[in-house]
Amino acid sequence: MYAPYWKDDARGVIAGLTRYVNKGHIARAVLEATAFQVREVVDAMAKDSGITLDVLRTDGGMVMNDLLMQFQSDILAKPVVRPMVKETTALGAAYAAGLAVGFFQDTEELVANWAVDQRWEPKMDEESRERLYRFWKKAVTRSFDWVESP
């Protein structure tokens, strides 16, 4: 398990199952776990830097899932923004190459190209958000020290 725990003896677990759980619940849990992990990293960064996030700008394949983006906004209690260009790593490489060969004048030109595709605002009440996060952290601790030293 990586940031913010840094525990190489942790293992993935699925916790809180009942006999009524189906594959849809498992799929939703994967999406929610992603959002909770992002919150943990955002919280750790804020604690270390003293800088709080006003809005989360997203990218990558998972940003196409609107349910994830809304849940991310709810769990962070912050707006989440998806850009028009979803794969910004590739875009960044292209921008760097374009700057290197003079295709782009400067970074201001690149900034002007950035545009919002969609924005999500938090809708979840604080009590629900913190209850879900508390259960997440409880589940995470169950994965610690899974591998025992010989």
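**Close-ups of α1 and α5**

**View 1. The start of α1.** A side-chain oxygen of Asn 22 comes to within 2.8 Å of the backbone nitrogen of Gly 24, right at the start of α1. Helices here are DSSP runs (H or I, at least four residues), numbered from the N terminus. This is a predicted model, with local features needing pLDDT of at least 70, side-chain atom pairs counting only at pLDDT 80 or more, and totals for chains, interfaces and linings using all residues. Residues are numbered from 1 along each chain as its sequence is written, and side-chain values use heavy atoms, leaving out hydrogens and water.

**View 2. α1 from end to end.** The 27 residues of α1 should span 39 Å at 1.5 Å a residue, and the end C-alpha atoms agree, sitting 39 Å apart; the expected span is 1.5 Å times one less than the number of residues. Just after α1 comes Gly 50, with a positive phi near 75°.

**View 3. The N-terminal cap of α5.** Asp 125 does the capping here: one of its side-chain oxygens lies 3.3 Å from the backbone nitrogen of Glu 127. Helix α5 itself covers residues 126-142.

**View 4. Two sides of α5.** Buried (under 20% relative accessible area, 1.4 Å probe, protein chains only) are Ser 128, Arg 129, Tyr 133, Trp 136 and Val 140. Down the axis of α5 they fall within an arc of 125° (from the directions of the C-beta atoms off the helix axis), so they line one face of the helix. The face turned away carries Glu 127 and Arg 134, both exposed (over 50%).

**View 5. Where α1 and α5 pack.** The buried residues of α5 pack against α1 and α2 (66-76), with contact meaning heavy atoms within 4.5 Å. From the other side, the buried residues of α1, among them Leu 31, Phe 36 and Arg 39, pack against α2 and α5.

Terms used
Helix = DSSP H or I, 4+ residues; strand = E, 2+ residues; numbered from the N terminus. Polar contact = N/O pair within 3.5 Å; in protein donor to acceptor, adjacent residues only side chain to side chain.
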